[in-house]
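Reader: Please take me through the reasons behind some labels given to residues and pairs in this model.

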Amino acid sequence: MDFGYNGVDHVTATTLKAANISMDMLPSLSKDDLRDLFPGPEHFFRRKTIWRLNHNDNEGHESEPSRPGVSSESVALPRPPPSPIPLLSSSPFSSPVSIPPESPTPQHVMQLVSPKYAVYSDTELEQARTTFLDKLKAGEGGDYTLSKDLRCRLIRNTVTSMITIRRAAGDGFRYPCSREITMMAKCLVEYYPMLEDRSGTGAVWEIVKKQLLKRLQNVTTPKKKQGPTPSRKRRRSLNFHHSQETAMGETAMGETNETPCPDLNVEELPPSTPEVEKLTDSTESQQLMARHYRTLQEMYKAKGKPNGNDVYQILNLEFPARRAFIVQVVREQDRAAKVIEAYPCFREVDHLMDELCRILGNGNTVANLKNQWGTFCEKAQYYGVFKKAMKPSLNKVKQGVAFIKALPSMFPSPVPPPKKLHNASEAVLHVLESGDPNMYLQKRPITSPVCIIVNNTCILAVGPTPLLTFPIEDINNCVLYIMACYYTFHLTYPKCIATLLSVLQTEVLKDKIHEQDLTPSYKKAMLEFSSFIAD
């Protein structure tokens with residue numbers, strides 16, 4: 001191969017030939033490249049001569065004083081015509097692209113022709129590149145690899161830079177396509193040769209391309225703020241199973257024997273919103289949700305109780321996919337068991353209440369819900385005594401049990417409970433004098449959440465599945481735990497206590513019911529209760 005080293009001194013020609021650099025490639029060399037080729041102060045004039053031969057527009061045209069050991073023919077050598085360097089070069093010492101002389105930092109910036117993406121570089125990466133080139137010249141570059149920290153930094157900042165450039169264009173933002181990622185991977189490997197895949201199983205830039213794509217998949221688009229007048233969300237058509245009991249009173253739900261729990265709603269179920277459907281449909285979001293779920297499972301498979309704050313954070317991130325999963329469990333009788341099997345964290349009362357707050361939204365906290373429940377109890381206890389549904393007691397536990405048992409009578413539903421249930425209060429609270437709680441749950445005629453008191457211990461159960469236990473001193477809050485079960489497990493309200501649960505929904509949880517779903521019994525109960533409070 002003729003490299004055209006005519007008129008160049010022997011030392012310069014030998015060095016350039018060893019580096020596989022022709023005269024046409026000299027304009028693409030930076031000052032750092034020349035310093036790598038001719039290191040040391042003894043080659044200062046040789047470096048300066050080569051630089052001025054190819055970059056004379058800013059340096060001037062005055063002749064360079066000769067130095068002993070440098071041939072004067074190199075000074076008189078005419079400048080070769082500039083020619084563009086191909087994007088991918090076979091020489092590891094040459095820059096992948098031609099850099100214009102006006103570039104402020106040519107050693108840090110490199111751009112593709114179209115689109116104009118900048119290759120990320122910093123001091124540490126440049127130092128690693130220089131070290132690799134030095135070792136490569138000495139024949140020791142085969143064992144040198146880029147550190148994990150520098151590689152991750154390069155991949156992360158490269159993707160961030162590409163997205164930023166795309167977004168700054170302003171003409172219909174879209175993420176970089178596969179072709180652009182491939183070109184950038186080739187460019188990175190050309191500029192940082194230590195990134196090459198030496199396994200020989202594929203292209204040398206294939207691993208870098210996969211890392212760029214993986215990083216791109218982990219980037220989510222910022223959500224736009226919703227306008228001041230959001231559009232009304234579409235209503236969902238719900239098909240409930242038919243009960244053997246015949247509804248004698250209200251006919252708002254046709255042949256069904258139960259009223260829908262409003263969190264499946266009626267109107268505003270989180271996984272049914274267009275935003276959540278769009279999120280759960282995208283491949284990127286499904287991968288993120290699956291990753292969060294695997295993290296949650298690993299936390300509960302490990303020995304010891306997982307950290308509550310860590311579980312709370314994972315549950316926040318995985319919320320849309322979890323709600324979509326719960327909706328997909330068709331049979332309501334099996335729903336609680338399957339959800340508990342998939343999410344054992346809901347066997348803890350703290351996480352159960354946190355889930356209720358997530359579904360309610362609007363900044364609700366457990367402390368706020370307990371305060372609202374306490375305020376409602378103070379008013380409702382006087383109302384219960386007024387209606388002769390309960391008697392006051394000095395014992396706090398007995399007073400709480402009597403108050404919870406009296407709630408269905410204070411806010412009655414026109415549909416009687418099943419015959420085996422005897423009383424509507426049994427749908428909320430049952431005091432088991434003797435026997436096995438599991439046997440009682442198996443024989444229970446309805447599958448709604450219930451609190452069972454056994455030997456000064458309270459058991460919260462959903463259908464035949466015992467969920468959690470709590471001390472009897474906390475009996476006053478069991479109604480909140482029951483409402484949390486209805487919302488968390490996407491359950492429907494039993495007809496025999498539908499009015500009571502609707503009152504708790506609007507007065508305690510502050511969750512509004514659509515005007516079309518207000519039943520006559522609810523309107524009558526709220527009118528009587530409001531009149532009593534006003535008087």
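Author: The model is a predicted one. Let us begin with arginine 358, which is in contact with Tyr312, Leu315, Asn316, Phe319, Arg322 and His351, its neighbours within four places in sequence being left aside. Arginine 358 belongs to helix 13, which covers residues 349–360.

Reader: Why is arginine 358 called buried?

Author: The relative accessibility of arginine 358 is 15%. Buried means under 20%, so arginine 358 counts as buried.

Reader: What makes the pair of arginine 358 and glutamate 355 a polar contact?

Author: Their side chains make this contact at 2.7 Å, and the cut-off for such a pair of N or O atoms is within 3.5 Å.

Reader: Which residues does methionine 526 touch, not counting those up to four places away in sequence?

Author: Methionine 526 touches Val503 and Glu507 under that condition. Methionine 526 is part of helix 19, residues 520–534. Its C-alpha atom is separated by 8.2 Å from that of phenylalanine 411, although the two residues are 115 residues apart along the chain.

Reader: How do you know that methionine 526 is buried?

Author: Its relative accessible area is 12%. The limit is under 20%, and methionine 526 is therefore buried.

Reader: Why is there no disulfide between cysteine 458 and cysteine 451?

Author: The sulfur of cysteine 451 is the closest cysteine sulfur to that of cysteine 458, but the distance is 4.3 Å. A disulfide requires sulfur atoms within 2.5 Å, so this pair is too far for a bond. The count for the model is zero disulfides.

Reader: Are cysteine 458 and cysteine 496 buried or exposed?

Author: Cysteine 458 has a relative accessible area of 0% and is buried. Cysteine 496, at 8% relative accessibility, counts as buried.

Reader: How many salt bridges are there, and what makes aspartate 32 and arginine 35 a salt bridge?

Author: The count is eight salt bridges. For aspartate 32 and arginine 35, the closest N and O atoms are 2.6 Å apart; the criterion is within 4 Å, so the pair forms a salt bridge. Both residues lie in helix 2 (residues 31–37), three residues apart, or about one turn of the helix.

Reader: Why are aspartate 32 and arginine 35 called partly exposed?

Author: The relative accessible area of aspartate 32 is 32%, and arginine 35 stands at 43% relative accessibility. Partly exposed lies between the limits of under 20% and over 50%, so both residues count as partly exposed.

Reader: What does the salt bridge between arginine 153 and aspartate 122 join?

Author: The side chains of arginine 153 and aspartate 122 meet at 2.9 Å, N to O. Arginine 153 is in helix 5 (residues 148–169) and aspartate 122 is in the loop between helix 3 (44–54) and helix 4 (123–137), so the pair ties together parts that are 31 residues apart in sequence. Arginine 153 is buried at 17% relative accessibility, and aspartate 122 is buried with a relative accessible area of 15%. Asp122, Glu124, Asp149 and Arg153 are linked in a network of salt bridges.

Reader: Why do glutamate 528 and lysine 387 count as a salt bridge?

Author: Their N to O distance is 3.8 Å, and the criterion is within 4 Å, so the pair qualifies as a salt bridge. This pair links distant parts of the chain, with glutamate 528 in helix 19 and lysine 387 in the loop between helix 14 (366–386) and helix 15 (396–410), 141 residues apart.

Technical notes:
Residues are numbered from 1 along each chain as its sequence is written. This is a predicted model: local features need pLDDT of at least 70, side-chain atom pairs count only at pLDDT 80 or more; totals for chains, interfaces and linings use all residues. Side-chain values use heavy atoms; hydrogens and water are left out. Buried means under 20% relative accessible area, exposed over 50%, partly exposed in between (1.4 Å probe, protein chains only). Helices (H or I, at least four residues) and strands (E, at least two) are DSSP runs, numbered from the N terminus. A polar contact is a pair of N or O atoms within 3.5 Å; within protein, one must be able to donate a hydrogen and the other to accept it, and residues adjacent in sequence count only if both atoms are side-chain atoms. Contact means heavy atoms within 4.5 Å.
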